[in-house]
Every structure is written in C-alpha cells, then in structure tokens.
Amino acid sequence: MNEIPVLEVVSKELIDQKLPTVVFYHGWTNYKESSLVHGYEIAKKGFRVLIPEAYLHGERSQGAPVTERSMEFWDVVQHNVMEFPALIEHYVEVGLADQEQIGVSGLSMGGVTTCALLTQYPWIKTAVVLMGSPSPIPFSKWLLTSKWQIGVEIDFESEQFAPAIESLKPISLDMQPEKIDGKFVHFWHDEDDDLVPYHPTFDFYKRIKDQEYGKHVSFTTTEGQGHHVPYMISVETANFFEKHL
C-alpha cells in the first residue's frame, strides 16, 4: 500500500469481499514474510490479514542493518502506530475491510505495537498480544541490559532521556488500561522468554483482570518455548479472532 509493503493473506474465494480484517505485526529484525504462518491460520477463519513491513526492516531497510540500530526500536514502533490508520482506511475505502471489524496482533515488537495501538484507536475491536509488553517505560529500562542491547553504556535516568520517556507515555497501555474497555484482548507469553520478560506482562494482566474494563482480557502461559511462538499458539490466536471478531 503506497510506500508501505504489505502482505495480504486471504482465502481465494473471499478475495474481493468485504471482510473482518486483522493487521499482524512482525518482530524486531524480522520480515513480513516471517509472520506468514500466523497470517495463514487467521485467514483460514475467513479474515483478511494484512502483514506490513516495519520501518527499517526488510524492503524498508535503510543504511546500517537494523541489528545494529537497537536505539531506534521505539522509532519503529511509533511508525507502526502512525501508519496503522492509513492502512485500514485504504482497505475500507476500496470495500475490502469493515471499519467495525478490525483486529490487531503481533509478536515481540509486534506485540508491543499491538499494546500501543490499543491506546490510540478506540475502534479496534479485538487484539492478541504475543510475547509483547504493555509497559514501554519499564521495558525500555530493561532493554538496556538485555540481549537486545549492543553494548553501549547508557544512563536511562539522565536528563537526555526525559523527552524519550515522555514520548512513551501516550502509548503506555499500563498507564491507561481502561482504554481496553469493551475490547476482547488476549495475551500469550512463555515463562522462559529471555527477550521480552514474562512477569511484567502477567502482572499487568493480574492487575486488570478483575476490573470492569478488563473483563474481556485473557492470558495463556506456557513454558519451555522461550522467545518463540509455537504453532499451537498461532492456532489459538486464529480461534480467538474467530470467536471475538
């Protein structure tokens, strides 16, 4: 779509019909093609699935490889968030998507994007977060000492990072969880994930699940999978959209 490369996954017999639509976001250093198995499982349920290429990734690579640009992680997420409504608008205008039946999902950075999108677009109906974090500021602090970092010494508490921290507040789902009110939201996370920590996300779920706005939120925990989405979770994701979108 325009300057954003997008994979569209849809059953051949439904390709020209207006369909409930799911946008699926890939992870950091991945490509849109790497999420095809998830798109395929969701599309089998009668959905149109759109898999955008993230900024600085794949066909949108610029300059140094993204593996050497970890400090631009949130810039990529912000691009996803800003580009999302134009993507939906295009498919609605050409009669292929229903504005009232929009879902979003993603894994890792794509799961982080999914949480961020829930803070910005109230018309999103259903979301599935796969090993993503709803807490950008704590997650950013954790990132600086994780496997994602490239060995640069950074003082996150210094004044130079104050603007960056402020820029994350509007997309912090943990700071405004009431924005999921009325939406069906599902989280999956593996206890042994060493790239996006499990416990902060599960703690967020425990904090909101008994609130009125969190009554449609659910969580699946696994162990032994690490930072990898097993096929059974791809199927679970598709089933969740089939039931709630």
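Leaving aside its neighbours within four places in sequence, which residues is Phe-84 in contact with? The close-ups below start there, and every one of them shows a predicted model.

**View 1. Phe-84 and the residues around it.** Once its neighbours within four places in sequence are set aside, Phe-84 touches Val-23, Tyr-25, Ile-102, Leu-117, Tyr-121, Trp-123 and Ile-124. Two of these names come back in later views: Ile-102 as a bridge partner in strand 4, and Leu-117 as a buried residue of helix 3.

**View 2. The largest nonpolar core, with 49 residues.** Phe-84 is one of the residues with the most contacts inside this core, together with Phe-73, Trp-74, Val-77, Leu-117, Ile-180 and Phe-187. Helix 2 gives the most to the core, supplying 9 residues. Apart from this core lies another one, made of 19 residues, with Phe-24, Leu-130, Val-229 and Ile-233 among them.

**View 3. The open sheet and its 7 strands.** Follow the strands across and you get the order 1-3-2-4-5-6-7, with mixed pairing. Strand 1 (6-9) and strand 7 (217-222) stand at the edges with a single partner strand each, so one side of each has no neighbour in the sheet. From one strand to the next, the twist averages 15°.

**View 4. Strands 2 and 4, with two helices packed on the sheet.** Strand 2 and strand 4 run parallel and are joined by 6 bridges. Look for Thr-21, whose bridge partner in strand 4 is Ile-102. Helix 2 packs on the sheet here, touching strands 1, 2, 3 and 4, and its direction makes about 145° with that of strand 4. Helix 3 packs on the sheet too, but its contacts are with strands 2, 4, 5 and 6, and its direction makes about 140° with that of strand 4.

**View 5. Helix 3 and its surroundings.** Why is helix 3 (residues 109-118) largely enclosed by the rest of the structure? Buried here means under 20% relative accessible area, and 10 of the 10 residues of helix 3 are buried, so the rest of the structure largely encloses this helix. The run begins with Met-109, Gly-110 and Gly-111, goes on through Val-112, Thr-113, Thr-114, Cys-115 and Ala-116, and finishes with Leu-117 and Leu-118. Packed against these buried residues are strand 2 (19-25), helix 2 (73-93), strand 4 (97-107), strand 5 (126-130), helix 4 (136-143) and strand 6 (184-190).

**View 6. A buried salt bridge between Glu-53 and Lys-32.** The closest N and O atoms of this pair are 2.9 Å apart. Glu-53 sits in the loop between strand 3 and helix 2, while Lys-32 sits in the loop between strand 2 and helix 1 (36-43), so to speak linking distant parts of the chain, 21 residues apart. Both residues are buried.

**View 7. Two salt bridges with lysines 206 and 209.** In helix 6 (residues 198-208), Lys-206 and Asp-203 lie 3 residues apart, about one turn of the helix, and their side chains meet at 3.5 Å, N to O. Lys-206 is partly exposed, with a relative accessible area of 42%, and Asp-203 is partly exposed at 40%. The side chains of Lys-209 and Asp-210 also meet in a salt bridge, at 3.5 Å, N to O. Here Lys-209 counts as partly exposed at 34% relative accessibility, whereas Asp-210 counts as exposed at 64%. Elsewhere, salt bridges that share partners join Lys-32, Glu-33, Glu-53 and Glu-59 into one network.

Note on methods
Residues are numbered from 1 along each chain as its sequence is written. This is a predicted model: local features need pLDDT of at least 70, side-chain atom pairs count only at pLDDT 80 or more; totals for chains, interfaces and linings use all residues. Side-chain values use heavy atoms; hydrogens and water are left out. Buried means under 20% relative accessible area, exposed over 50%, partly exposed in between (1.4 Å probe, protein chains only). Helices (H or I, at least four residues) and strands (E, at least two) are DSSP runs, numbered from the N terminus. Contact means heavy atoms within 4.5 Å. Two strands pair if DSSP finds at least two bridges between them. Axes are lines fitted to C-alpha atoms, for helices over the stretch in contact, and angles run from 0 to 180 degrees between N-to-C directions. A salt bridge is a side-chain nitrogen of Lys or Arg within 4 Å of a carboxyl oxygen of Asp or Glu. A nonpolar core is a set of buried Ala, Val, Leu, Ile, Met, Phe, Trp, Tyr and Cys residues joined through side-chain atoms within 4.5 Å.
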